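Q: I should like to go through this structure step by step. Could we begin with the overall picture and then turn to the details?

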Amino acid sequence: MDITLEVIPLPVSDVDRARDFYRDKVGFHVDIDQEVMPGMRIVQLTPPGSGCSIALGESIWQMTPGPTPAPGSYQGLQLCVADIKAAHAELVARGLDVSEPVQYSPDDGATFMHFQDPDGNGWAVQEYRRRATEPLHQLLADLKRQQA
């Protein structure tokens, strides 16, 4: 059985402001922005090249058992890029307040930069140079073929 992680609900205080931020400053694609049932508007955004999206909406949390997380309470969400210097330049050009990349070691996967959304949800951007030649979706497809 395959199980994929495809959508992460993100707690925000203003859906329109968050949608605009992720679309305009971070470069996510708006997949859905509609009322999916009476009184329930969902905004789903996907980073370019990703198989996982974020979902915004005031009513999302009514469908999820447990406590409702506070806007800005998510920390450590992580994006991966093949070239962190190019990603940094693009994000800065979009107007995103993102930290300078920090290399913790020369190993692939050891360079990071960080930003927060308007509510304070914290994101890391990790450089994983291997993704330039080995996209994750291709590796997973190859692995599945090998297992068959």
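Q: How much of the chain is helix and how much is strand over residues 4–128?
A: This is a predicted model. Over residues 4–128 the chain is 17% helix and 34% strand, and the end C-alpha atoms of that stretch are 21 Å apart.

Q: Which annotation covers residues 4–128?
A: The UniProt record, an unreviewed entry, gives "domain: VOC" for residues 4–128.

Q: Let us take the sheets. In what order do the strands β1, β2, β3 and β4 come?
A: They form an open sheet in the order β1-β4-β3-β2, with mixed pairing. At the edges are β1 (7–9) and β2, each of which pairs on one side only. From one strand to the next, the twist averages 25°.

Q: And in which sense do β1 and β4 pair, parallel or antiparallel?
A: The pairing of β1 and β4 is parallel and runs over three bridges. Within it, Ile 8 has Ile 54 of β4 as its bridge partner.

Q: Which helix lies across β2, β3 and β4?
A: That is α1, which runs at about 15° to β3.

Q: Which residues of α1 are buried?
A: Val 15, Ala 18, Arg 19, Phe 21 and Tyr 22 are buried in α1. Seen down the helix axis, they fall within an arc of 165°, so they line one face of α1. These residues pack against β2 (29–37), β3 (40–46), β4 (53–56), β7 and β8.

Q: An arginine appears in that list. What is the relative accessible area of Arg 19?
A: The value for Arg 19 is 16%. Arg 19 counts as buried because this is under the 20% cut-off.

Q: With which side chain does the side chain of Arg 19 make a polar contact?
A: The partner is the side chain of Asp 33, at 2.8 Å. Leaving aside neighbours within four places in sequence, Arg 19 is also in contact with Val 30, Arg 41, Val 43, Leu 45 and Leu 56.

Q: What happens at the two ends of α1?
A: Asp 14 caps the N-terminal end, where one of its side-chain oxygens lies 3.1 Å from the backbone nitrogen of Asp 16. After α1 comes Gly 27, which has a positive phi near 90°.

Q: Now the other sheet. What is the order of β5, β6, β7 and β8?
A: These strands form an open sheet in the order β5-β8-β7-β6, and the pairing is mixed. The edge strands are β5 (77–81) and β6 (102–103), each paired on one side only.

Q: How does β8 pair with β5 and β7, parallel or antiparallel?
A: With β5, strand β8 (residues 122–127) pairs in the parallel sense over five bridges. Val 81 has Glu 127 as its bridge partner in β8, while Gln 78 stands opposite Ala 124. With β7, strand β8 runs antiparallel, and six bridges join the two. Here the bridge partner of Met 113 is Val 125 in β8.

Q: How many residues lie between β7 and β8?
A: Five residues separate the two strands of this hairpin. Gly 120, in the turn, has a positive phi of about 105°.

Q: How many residues of β8 are buried?
A: Six of its six residues are buried. On one side these are Gly 122, Ala 124 and Gln 126, and on the other Trp 123, Val 125 and Glu 127, so both faces are covered.

Q: Where does α2 sit relative to this sheet?
A: Helix α2 (residues 84–93) lies across β5, β7 (111–116) and β8, and runs at about 20° to β7.

Q: Which residues of α2 are buried, and which exposed residues does the face turned away carry?
A: Ile 84, Ala 87, His 88 and Leu 91 are the buried residues of α2. They fall within an arc of 100° seen down the axis, so they line one face of the helix. The face turned away from the buried side carries the exposed residues Lys 85 and Ala 93. The cover over the buried residues of α2 includes α1, β5, β7 and β8.

Q: Finally, what is found at the start of α2 and just after α2?
A: At the start, a side-chain oxygen of Asp 83 reaches to within 3.1 Å of the backbone nitrogen of Lys 85. Just after α2, Gly 95 takes a positive phi of about 95°.

Methods:
Residues are numbered from 1 along each chain as its sequence is written. This is a predicted model: local features need pLDDT of at least 70, side-chain atom pairs count only at pLDDT 80 or more; totals for chains, interfaces and linings use all residues. Side-chain values use heavy atoms; hydrogens and water are left out. Buried means under 20% relative accessible area, exposed over 50%, partly exposed in between (1.4 Å probe, protein chains only). A polar contact is a pair of N or O atoms within 3.5 Å; within protein, one must be able to donate a hydrogen and the other to accept it, and residues adjacent in sequence count only if both atoms are side-chain atoms. Contact means heavy atoms within 4.5 Å. UniProt positions are given in the numbering used here, feature names are shortened, and annotations may be inferred rather than shown by experiment. Helices (H or I, at least four residues) and strands (E, at least two) are DSSP runs, numbered from the N terminus. Two strands pair if DSSP finds at least two bridges between them. Axes are lines fitted to C-alpha atoms, for helices over the stretch in contact, and angles run from 0 to 180 degrees between N-to-C directions. The arc is that of the directions from the helix axis to the C-beta atoms.
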